[in-house]
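Okay, everyone, let's get going. Have a look at the structure on the screen, and I'll walk you through a few spots in it.

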Amino acid sequence: VEAVIDTFRQLAEITGPDSMGWRYDPIFLNETYTPEVHIQKFTQIAQALEGYTHTCVISFIDLYQKVRRNFPEAQAVPKEKRLSLGKTMIQIAAAHGMKVYPCGEGTELACYGADCNGCMTQETYEKALHTTLDIPKKQPLRKECACFMGNDIGAYNTCLHGCKYCYANTAYIGILFVIWFVIYDPIATVNLFQQNNPHQLMRKCHFRKTERIVRALQNFLAKP
């Protein structure tokens, strides 16, 4: 976290605080990540980024099908907890010169001072670029989203971090296998990805196909 904050500050010094924003998400609750822990972590980051940004986006965990499969113990955050946490985070952000923009959370936090009109709207782009834009209308990615020109970056099933709450990976087990393989034999892994399409290769890591990719990798390493 410290390295990311340091990089954030360096970028803000180049672009200015209007062009920078940070996200605190997904917010979920369990024995480790209690409301108190979230408030503590949020406060630490807000303090560290004061003066470097005016924008903070928050969202609570969405239980997509992939998330339910990879993170079955995850639970939706109850409304009373969302309101309590949201209100406190909005107050903390304001104390450090930031406005909170909930992502896909409706308008339930607007009464506490959150801007619920979208976290990446045309106004956001214009503020970051310090100009006005004449841009076409576009349908949102989902009905809860008011953002403009939203688009995923990268490819699904290619991230090796293995976060259980992430919706971008089909199978957590397959990703764990690849992480193990990278640690076990990184040189062979580099060669493997150089000679194969990484996106297609990672898609094979679906939990029902883990044995197949194991055999494929073993056969690859057996080649002279």
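So, Thr 121: buried or exposed? This is a predicted model, by the way. Thr 121 has 15% relative accessibility, and buried means under 20%, so Thr 121 counts as buried. As for where to find it, Thr 121 sits in the loop that runs between β3, residues 99–102, and α5, residues 122–129. And what does Thr 121 touch, if we skip its neighbours within four places in sequence? That would be Ala 146 and Phe 148.

Right, cysteines next. How many disulfides turn up when you search the whole structure? Zero. Take Cys 111: the closest cysteine sulfur to its own belongs to Cys 116, and that one is 8.5 Å away. A disulfide needs the two sulfurs within 2.5 Å, so 8.5 Å is too far for a bond. Cys 111 is exposed, by the way, at 63% relative accessibility. Cys 56, on the other hand, is buried, and its relative accessible area is 0%.

Last stop, the surface. Can you find Tyr 64, Tyr 156 and Tyr 167 on the screen? Which kind of patch do Tyr 64, Tyr 156 and Tyr 167 make? A nonpolar one, with an area of about 280 Å². Let's pick out Tyr 167 from that trio: you'll see it in the loop between α5 and α6, where α6 covers residues 172–184. With 38% relative accessibility, Tyr 167 counts as partly exposed.

Okay, that's my bit. Over to you for questions!

Key. Residues numbered from 1 in each chain as written. Predicted model: local features only at pLDDT ≥ 70, side-chain atom pairs only at ≥ 80, totals over all residues. Heavy atoms only, no water. Helix = DSSP H or I, 4+ residues; strand = E, 2+ residues; numbered from the N terminus. Buried < 20%, exposed > 50% of the residue type's maximum accessible area, 1.4 Å probe, protein only. Contact = heavy atoms within 4.5 Å. Patch = residues over 30% accessible without salt bridge, like charges linked within 9 Å, V, L, I, M, F, W, Y side chains within 5 Å. Areas by Shrake-Rupley, 256 points an atom, 1.4 Å probe, with all protein chains shown as cover. Salt bridge = Lys/Arg side-chain N within 4 Å of Asp/Glu carboxyl O.
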